[in-house]
Amino acid sequence: MRSNSGQTRVTQLDGLRGLAALVVVACHVLSTLPGIGSVVEGDRSAGLTTAGEWAVFSPLHVLWNGTPAVHVFFVLSGFVLVLPFTRPGAAGKWAQYYAKRFFRLYLPAWASLAVAVVLMTAVPRSASPLQSPWADMYVTNPSVAQVLKDGLLLLNASTINTPLWSLKWEVLFSLLLPVYIFIALRWRRLWYVKIGLALLLAVVGALQHLDWLSYLPIFAIGAVLGAERERIRELTQSWPRFVWFFVAAAGLFLANAEWISPEQPIRGVEAVVTAGATLIVLLFVSCRSAKRLGDTAIAQWLGRVSFSLYLVHLPIILAGVTLLRSVSLPLALAVSVAAAFVIAELFYRYVEQPAHRLSMAVGRAVGRRSRSDASDIPGAPAAPDRLDSPPVRDLVEAGSGRRG
């Protein structure tokens with residue numbers, strides 16, 4: 001889709017982000033079930049029913065496999081945040097960008113921590129044979145030190161609100177965005193080489209169990225895809241439908257590589273998952289059928305609330321399970337998921353949107369201050385506020401934290 005100014009607005013990627021958030025919710029719901037949760041926690045020899053076997057060790061697992069969903073989030077962040085800097089003559093307003101990004105990420109994250117602490121105070125988590133060992137891992141008594149540590153978003157998240165773990169990498173990517181833009185906009189004709197090198201780095205990181213080397217290259221893949229989106233569209237626009245079918249099949253298979261059999265996965269499987277996530281994003285960028293899926297009303301709504309849903313769903317699910325598991329665990333999960341969707345919408349309206357508006361206001365204030373400082377220099381031209389031009393602002397907002 002295109003805006004009036006001719007700038008591309010990749011709305012279907014909002015839908016993809018929403019679908020990925022839904023997969024993360026499904027992952028945490030099914031992991032709460034005793035048999036499946038034991039396998040997810042690492043005991044692949046745990047007994048499963050026939051339905052459980054099909055849910056875990058079959059292609060169906062891709063419908064609730066949270067790992068590739070988070071990898072998709074990372075690719076999308078790289079893709080969307082690089083877009084404003086691909087326009088001819090675009091100039092980065094870094095003080096303005098960092099101020100906006102801080103408020104856009106941190107305020108909702110802090111609010112989600114507050115929601116988690118309130119829920120844990122009202123409904124203390126406890127271990128139970130009625131739920132999985134995976135769910136038991138989240139039993140904790142929140143301390144002020146834990147909350148402060150989690151609020152930094154730069155250290156490993158505790159079990160108060162574990163989805164915050166991915167924001168550590170989002171923050172680091174945001175801080176390093178100038179480096180990613182440099183990589184994405186140099187040596188343009190070798191874009192496929194850059195993607196290959198990023199995947200190779202991810203393989204090394206996975207093999208060596210280096211989280212920073214496993215995750216940070218994923219953003220680079222997205223940044224290169226974003227910078228070369230027009231070139232990629234030209235290369236793929238004539239591909240017949242059956243080619244896209246194989247791209248989709250390969251992406252889903254690779255994304256689910258960790259669960260193709262009951263055997264322990266190979267070392268470095270996380271990099272295989274990254275390759276699958278990359279193909280899924282490519283599919284939604286260039287394939288008409290995938291674009292239509294991403295642009296459906298439900299996918300767009302999920303995309304709109306995806307960041308809020310990602311931040312608040314797990315504490316809600318755990319509180320609901322604690323309250324209702326003695327009655328019926330399936331009932332507890334159904335009620336919890338319904339509550340998570342409702343609260344995600346409210347969180348979006350009353351936390352995420354205000355934080356977004358505040359981030360934009362702070363960005364404009366910083367931009368005005370920068371222009372004022374520049375105008376004090378004799379002979380200095382007034383610089384346009386490029387990051388706040390309407391079409392580019394839409395693109396920045398589309399990828400400013402709605403994840404994972």
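With which residue does Arg-101 form a salt bridge, and how far apart are the closest N and O atoms? In this predicted model, the partner of Arg-101 is Glu-170, and the closest N and O atoms of the salt bridge are 3.6 Å apart. The pair connects distant parts of the chain, since Arg-101 belongs to helix H5 and Glu-170 to helix H8 (residues 165-175), with the two positions 69 residues apart in sequence numbering. Both Arg-101 and Glu-170 are buried.

In the whole structure, eight salt bridges are found. Two of them involve Glu-345, which lies in helix H17 (residues 329-375). One joins the side chain of Glu-345 to that of Arg-304, with an N to O distance of 3.1 Å. Arg-304 is in helix H16, 41 residues from Glu-345, and this pair again links distant parts of the chain. The other salt bridge is formed between the side chains of Glu-345 and Arg-349, at 2.7 Å from N to O. Glu-345 and Arg-349 are separated by about one helical turn, because they are four residues apart in helix H17. A further set of salt bridges with shared partners joins Arg-188, Glu-228 and Arg-231 into one network.

The residues around Glu-345 differ in accessibility class. Glu-345 has a relative accessibility of 11% and therefore counts as buried, the limit being under 20%. Arg-304, with a relative accessible area of 27%, is partly exposed. Arg-349 is also partly exposed, and its relative accessible area is 43%.

Helix H5, which carries Arg-101, spans residues 94-122 and packs against helix H16 (residues 297-324). The angle of packing is about 10° and the axes of H5 and H16 are 10 Å apart. Because angles under 35 degrees count as roughly parallel, H5 is described as roughly parallel to H16. On the H5 side, the contact is made by Arg-104, Leu-105, Pro-108, Ala-109, Ser-112, Ala-116 and Leu-119. On the H16 side, the contributing residues are Phe-307, Leu-311, Val-312, Pro-315, Ile-316 and Ala-319. By residue class, the contact of H5 with H16 consists of eleven nonpolar residues, one polar and one charged. The charged residue is Arg-104 and the polar residue is Ser-112.

Two positions in helix H1 (residues 11-31) were also examined: Asp-14 and Ala-26. Asp-14 counts as buried, because its relative accessibility is 4%. The side chain of Asp-14 is joined to that of Arg-17 by a polar contact of 3.2 Å. Ala-26, by contrast, is partly exposed, with a relative accessible area of 24%. When neighbours within four places in sequence are left aside, Ala-26 is in contact with Leu-63 and Trp-64. Ala-26 and Leu-63 are 37 residues apart along the chain, and their C-alpha atoms are separated by 7.6 Å.

Definitions and conventions:
Residues are numbered from 1 along each chain as its sequence is written. This is a predicted model: local features need pLDDT of at least 70, side-chain atom pairs count only at pLDDT 80 or more; totals for chains, interfaces and linings use all residues. Side-chain values use heavy atoms; hydrogens and water are left out. Axes are lines fitted to C-alpha atoms, for helices over the stretch in contact, and angles run from 0 to 180 degrees between N-to-C directions. Angles under 35 degrees count as roughly parallel, over 145 as roughly antiparallel, 65 to 115 as roughly perpendicular and the rest as oblique. Contact means heavy atoms within 4.5 Å. Buried means under 20% relative accessible area, exposed over 50%, partly exposed in between (1.4 Å probe, protein chains only). A polar contact is a pair of N or O atoms within 3.5 Å; within protein, one must be able to donate a hydrogen and the other to accept it, and residues adjacent in sequence count only if both atoms are side-chain atoms. A salt bridge is a side-chain nitrogen of Lys or Arg within 4 Å of a carboxyl oxygen of Asp or Glu.
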